[in-house]
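The following exercises practise the reading of a protein model, one step at a time. Please study the sequence and the structure before attempting each task.

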Amino acid sequence: MTQYDYIKDIAKYGLENDYEKLLQVLNELVDYSKKSNKMNFAIQLQSILKESIRQHQVSGLSIVGSPKHILREEEKELSDLVLEKLTSDYRLKDLVCTEKVVSELQHFIQEHQFIDLLNKFELPVSNKVLFHGPSGCGKTLAAYVLAGELEKLMIVVNLGAIVSSKLGETSKNLAKIFKWAASEDAIIFIDEFDSLGKVRDYSQDHGEMKRVVNTILQLFDYLPKESIIIGATNQINMIDGALRRRFDLVVELEKPDEKHVKELIDKTLQHGNFVFKNKKDIPAIIKQSLGLSYYTIQKTLITAIKRSLFDQVDKGALSTVIDTHIWKELIAQEQLNLAK
Ligand SMILES: Nc1ncnc2c1ncn2[C@@H]1O[C@H](COP(=O)(O)OP(=O)(O)OP(=O)(O)O)[C@@H](O)[C@H]1O
Ligand SMILES: [Mg+2]
């Protein structure tokens, strides 16, 4: 069958309201897409299918008197707790970091690629990762890399909505999200993980904070092997010690040194698509950039590229040469901002 044949069948069974056959052909299309390396499309389609099957199953409950609107309320509540549901194209090569970090991430990825082997020998599977380090150094990017490498759906938790001032509500919200993510075979990404330790600020009640930490400990302990939790924080010291120890892997993403700034430049210049005007000034600018985050260095370089392009357009020419001086000025400005 080709993709067109699947589309024709989907149209036919959809218009005939034949739900069973429609499901069957959609499942076949998921398999077909996986085989033809359209992994993101396959994951998205699978997720739509699962959602629809769940709705159908529960709407079937209306026979025993469970009104449909209850489900809708629950679903709405769940979707409020989620900031985003995404698939990712990022790969390890997109993250500039130390060899140690690369190897840690590679080993983590392997555990899930060879999960059947680990299960066969009844070995535990690492499935909880915590990324920490300063802002703009790749914590969120690293989470996307894991989702991309493992070709899994990632659920980005909306912490603002999860953390509630109502007693016991935060724990309940967390439990709901974990249960849902397990049913979706998705990665749960909890950014600003430390703010779960700040629940006491909302409730003025240390008991509530303890309850939340205990809930997470339990959820972690009963986490199915296939589920993956990724936490990120730039305040690792704020996280309860027992909770920190539960992570199988704690990865620090630091600010770049000279070698890593060079790598970042190379990626940002699209491996030679753009070039600097005064190449000899570059080593000094790299030195000048130390102390800034990957994000800031990349942002200033992209701004310099754009401004150089605009200047060329004004002069009626177009080349991909970057005015090195513009970048140097922007870096100097960022260093001043940092010192303030
Ligand atoms: N290590 C890195 N390698 C390559 N690019 C990076 C790296 N770190 C940051 N960047 C660039 O900066 C952007 C922002 O980084 P990211 O969102 O991952 O930072 P973060 O550590 O999560 O920061 P925050 O603590 O503010 O959430 C990335 O999308 C990427 O373009
Ligand atoms: Mg982030």
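**Exercise 1. The ligand shell.** State how many residues surround ligand 1, and which of them are the closest.

*Solution.* Step 1: the shell around ligand 1 has 16 residues, the closest being Ser135, Gly138, Thr140, Leu141 and Tyr294. A residue is near a molecule if its C-beta atom, placed from the backbone, lies within 6 Å of it. The model is a predicted one, in which local features need pLDDT of at least 70 and side-chain atom pairs count only at pLDDT 80 or more, while totals for chains, interfaces and linings use all residues. Residues are numbered from 1 along each chain as its sequence is written, and chains are lettered from A and ligands numbered from 1 in the order in which they are written.

Step 2: sort the shell by residue type. Nine of its residues are nonpolar, six are polar and one is charged. Here Ala, Val, Leu, Ile, Met, Phe, Trp, Tyr, Cys and Pro count as nonpolar, Asp, Glu, Lys and Arg as charged, and the others, Gly among them, as polar.

Step 3: find the elements involved. Helix 7 (139-150) and helix 15 (294-314) each contribute at least two residues to the shell around ligand 1. Helices (H or I, at least four residues) and strands (E, at least two) are DSSP runs, numbered from the N terminus.

Step 4: place the ligand among the domains, whose bounds come from an automatic or database domain assignment. Ligand 1 lies between domain 2 (86-252) and domain 3 (258-339), because both give residues to its shell.

**Exercise 2. The nonpolar core.** Determine how many residues the largest nonpolar core has, and which have the most contacts inside it.

*Solution.* Step 1: the largest nonpolar core has 62 residues, and Ala143, Ile155, Ile187, Ile188, Phe189 and Ile230 have the most contacts inside it. Such a core is a set of buried Ala, Val, Leu, Ile, Met, Phe, Trp, Tyr and Cys residues joined through C-beta atoms within 7 Å. A residue is buried if 20 or more other C-beta atoms lie within 10 Å of its own, exposed if 12 or fewer, and partly exposed in between.

Step 2: trace the origin of this core. Its largest share, six residues, comes from helix 7, and domain 2 and domain 3 each supply at least three residues.

Step 3: examine one member. Apart from neighbours within four places in sequence, Ala143 is in contact (C-beta atoms, placed from the backbone, within 7 Å) with Phe131, Met154, Phe189, Ile230 and Ala232.

**Exercise 3. Strand 5 and its partners.** Decide whether the residues of strand 5 are buried or exposed, and identify how strand 2 and strand 4 pair with strand 5.

*Solution.* Step 1: six of the six residues of strand 5 (residues 228-233) are buried, so this strand is largely enclosed by the rest of the structure. Ile228, Ile230 and Ala232 are buried on one side, and Ile229, Gly231 and Thr233 on the other.

Step 2: list the pairings, where two strands pair if DSSP finds at least two bridges between them. Strand 2 (residues 128-132) runs parallel to strand 5 over five bridges, with His132 opposite Thr233 and Leu130 opposite Gly231. Strand 4 (residues 187-190) is also paired with strand 5 in the parallel sense, over four bridges, and Ile188 stands opposite Ile229.

Step 3: continue from strand 2. Four of its five residues are buried, so strand 2 is largely enclosed too. Strand 2 pairs with strand 6 (residues 249-252) in the parallel sense over four bridges, where Leu130 stands opposite Val250.

**Exercise 4. Loop residues.** Establish where Thr87, Asn17 and Glu192 lie.

*Solution.* Step 1: Thr87 belongs to the loop between strand 1 (82-86) and helix 5 (99-113). Thr87 is partly exposed, because 19 other C-beta atoms lie within 10 Å. The C-alpha atoms of Thr87 and Ala147 are 6.9 Å apart, although 60 residues separate the two along the chain.

Step 2: Asn17 lies in the loop between helix 1 (3-15) and helix 2 (19-35). With 8 C-beta neighbours inside 10 Å, Asn17 counts as exposed. The phi of Asn17 is positive, near 60 degrees.

Step 3: Glu192 is in the loop between strand 4 and helix 10 (199-203). The phi of Glu192 is near 50 degrees, also a positive value. Most residues other than glycine have a negative phi.

Note on methods: Two residues are in contact if their C-beta atoms, placed from the backbone, lie within 7 Å.
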